[in-house]
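Trainee: I'm new to this one, so could you walk me through it slowly?
Mentor: Gladly, with the picture in front of us.

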Amino acid sequence: MSYEAADKIGMAAAIAQAQKSYNEGGVPIGCALVWHGEPGEEPRLLGAGHNQRIQKGSATLHGGISVFENAGRLKPEVYRKATVYTTTAPCSMCTGAALLYRVPRCVIGENTLYKGGEDYLASRGVEVKVLDSEECKELMARFIREKPEEWSEDTGGVPTTAA
């Protein structure tokens, strides 16, 4: 199955959400959930969201959690034919949400600045694709340089390799 159209929609939405979060003073991680359906069916955006921990003073409102909240309540079969897109590797909490709803595929913009749950997703049968996007890396690296304390808080103090 070709996911080219879904990937284009999903990553564009995720990057737009990351930029929105950055513009709001938040952590620039954006996510999207796209239904890719069956071969020959047109993909559709189910939801998009971004990290809002800083903006809303939330302990849990990461991008991956935001996207599921914004997509709303969906039937299990919808999740089973969807892909989650995230600009940076998903943390344990966001990885867990994708696994809970049995989303079969995860596309990650970059995972050089933060190693998240991509290996765990793959070990649980999720197809993982890392794009190594310069746009995603640049936005995240800029945030980490500008706000290292907020980044450390967001990751639970996990070290990063931001340049």
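Mentor: Two terms come first: helices (H or I, at least four residues) and strands (E, at least two) are DSSP runs numbered from the N terminus, and a helix's expected span is 1.5 Å times one less than its number of residues. This is a predicted model, in which local features need pLDDT of at least 70, side-chain atom pairs count only at pLDDT 80 or more, and totals for chains, interfaces and linings use all residues. Residues are numbered from 1 along each chain as its sequence is written, and side-chain values use heavy atoms, leaving out hydrogens and water.
Trainee: What should helix α1 span, at 1.5 Å a residue?
Mentor: Helix α1 covers residues 4–23, so its 20 residues should span 28 Å, and the end C-alpha atoms are 29 Å apart, which agrees.
Trainee: Which residues of α1 are buried?
Mentor: Taking buried as under 20% relative accessible area with a 1.4 Å probe, protein chains only, they include Ala6, Gly10, Ala14, Ala18 and Tyr22.
Trainee: And what does Gly25 do, just after α1?
Mentor: Gly25 takes a positive phi of about 90°.
Trainee: Switching to the sheet, what is the strand order?
Mentor: The sheet is open, with five strands in the order β2-β1-β3-β4-β5 and mixed pairing, where two strands pair if DSSP finds at least two bridges between them. The edge strands, β2 (44–50) and β5 (127–130), each pair on one side only.
Trainee: How many bridges join β1 to β2?
Mentor: Six bridges join β1, residues 30–35, to β2, and the two run antiparallel; Cys31 has Gly49 in β2 as its bridge partner.

Definitions and conventions
Buried < 20%, exposed > 50% of the residue type's maximum accessible area, 1.4 Å probe, protein only.
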